[in-house]
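Visitor: Could you take me through one part of this protein up close? I am in my first year, so please go step by step and link that part to the rest of the chain.

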Amino acid sequence: MKRIITYGTFDLMHYGHIRLLKRAKALGDYVIVGLSTDEFNQQKDKKAYHNFETRKKMLEAIRYVDLVIPEDSWDQKKNDIEKYQVDVFCIGDDWEGEFDDLNSSCEVHYFSRTKGVSTTKIKNELGV
Ligand code: C2G
């Protein structure tokens, strides 16, 4: 059982998120998502439209996602990798190089971001 982990806010779920999760699942058998809590989003200077519970339910409805855990700190990744016996950490390449230190615990993989879509773009174009 090859276990994959990724992290994010996943607000206003869009096909960029879905493509990331689909490619994460293709790397193994079991995908864990560390979902940023509302409090952690404040640390990330992100204001999500949907709260944590709603974002969690939406992720759990996605066939590529097997488990959603809270992400409430920048420093939890190494512990999560140990605790959940993770083989691969993956994330979009907007983070390229930021998490190379996790190489000591598991494989690290950066996926190309999906062009033309982002939560910010959706909010701006909807004027919200
Ligand atoms: N993503 C993507 N293509 C897009 C938009 C997002 O591939 N057009 C990916 C991001 O690269 C990330 C995931 O979808 O891997 C979730 O995106 P965000 O919710 O924006 O994640 P972020 O706020 O960058 O949180 O500790 C890590 C952070 O929690 C990452």
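**A close look at the two cysteines and their surroundings**

Guide: Let's begin with Cys90, which is buried, because its relative accessibility is 0%. Please keep in mind that this is a predicted model. The partner to compare with is Cys106, which also counts as buried, at 8% relative accessibility. A disulfide is a covalent bond between the sulfur atoms of two cysteines. Do these two form one? The count of disulfides here comes to zero. Cys90 is in no disulfide, and the nearest cysteine sulfur, that of Cys106, is 9.4 Å away. A disulfide needs the two sulfur atoms within 2.5 Å, so the 9.4 Å between the sulfur of Cys106 and that of Cys90 is too far for a bond.

Now look at the loop between β4 (88-92) and β5 (107-111), where you will find Phe99. Phe99 counts as buried, because its relative accessibility is 9%. What does Phe99 touch, once its neighbours within four places in sequence are left aside? Its contacts are Lys77, Phe89, Ile91, Val108 and Tyr110. Gly127 makes a useful landmark here: Phe99 and Gly127 are 28 residues apart along the chain, and their C-alpha atoms are separated by 33 Å.

From there, let's move to helix α4, which holds Asp80. Is Asp80 buried or exposed? Asp80 is buried, with a relative accessible area of 8%. Not counting residues up to four places away in sequence, Asp80 touches Ile5, Tyr7, Ile69, Gln85 and Val86. Asp80 and Ile18 are 62 residues apart along the chain, with their C-alpha atoms separated by 22 Å.

Next comes the loop between β3 (67-71) and α4 (77-83), the place of Gln76. Gln76 is buried as well, its relative accessible area being 11%. Leaving aside neighbours within four places in sequence, Gln76 is in contact with Tyr7, Pro70 and Glu71. You have met Tyr7 already, among the residues that Asp80 touches. Gln76 can also be placed against Gly34: they are 42 residues apart along the chain, and 9.5 Å separates their C-alpha atoms.

Let's now turn to the loop between β1 (3-8) and α1 (15-26), where Phe10 lies. Leu12 is found in the loop between β1 and α1 too. Here a little background on backbone angles helps. Most residues other than glycine have a negative phi. Phe10 has a positive phi of about 50° although it is not a glycine. Leu12 also has a positive phi, near 50°, and is a residue other than glycine. Phe10 is buried, with a relative accessible area of 7%. Leu12 counts as buried at 18% relative accessibility, since the limit for buried is under 20%.

Leu12 leads us to His50, in the loop between α2 (38-43) and α3 (52-60). Leaving aside neighbours within four places in sequence, His50 is in contact with Asp11, Leu12, Asp38, Arg55 and Met58. How does the burial of His50 come out? His50 counts as partly exposed, because its relative accessibility is 21% and the partly exposed class lies between 20% and 50%. His50 and Asp72 are 22 residues apart in sequence, and 16 Å apart in space from C-alpha to C-alpha.

Finally, let's step back to the whole chain. The protein chain has five helices and five strands, and from the N terminus on they run β-α-β-α-α-β-α-β-β-α. The radius of gyration is 14 Å, close to the 14 Å that the globule rule gives for 128 residues, so the chain is as compact as a globular protein of that length. Along the principal axes, the C-alpha atoms fill a box of roughly 45 × 30 × 25 Å.

Buried residues make up 46% of the 128 residues, and Cys90, where we began, is buried at 0% relative accessibility. Of the contacts with a separation of 6 or more, 66% are between residues 24 or more positions apart. On the outside, the chain exposes about 7,200 Å², with carbon and sulfur atoms supplying 48% of it. As for charge, there are 20 positive and 22 negative side chains, and the centres of the two sets lie 6 Å apart.

Technical notes. Residues are numbered from 1 along each chain as its sequence is written. This is a predicted model: local features need pLDDT of at least 70, side-chain atom pairs count only at pLDDT 80 or more; totals for chains, interfaces and linings use all residues. Side-chain values use heavy atoms; hydrogens and water are left out. Helices (H or I, at least four residues) and strands (E, at least two) are DSSP runs, numbered from the N terminus. The radius of gyration is taken over C-alpha atoms; the globule rule is 2.2 Å times the number of residues to the power 0.38. Buried means under 20% relative accessible area, exposed over 50%, partly exposed in between (1.4 Å probe, protein chains only). Contact means heavy atoms within 4.5 Å. Accessible areas come from the Shrake-Rupley method with a 1.4 Å probe; for residues, only the protein chains shown count as cover. Lys and Arg count as positive and Asp and Glu as negative; His and the chain ends are not counted. The place of a charge is taken as NZ of Lys, CZ of Arg, CG of Asp or CD of Glu.
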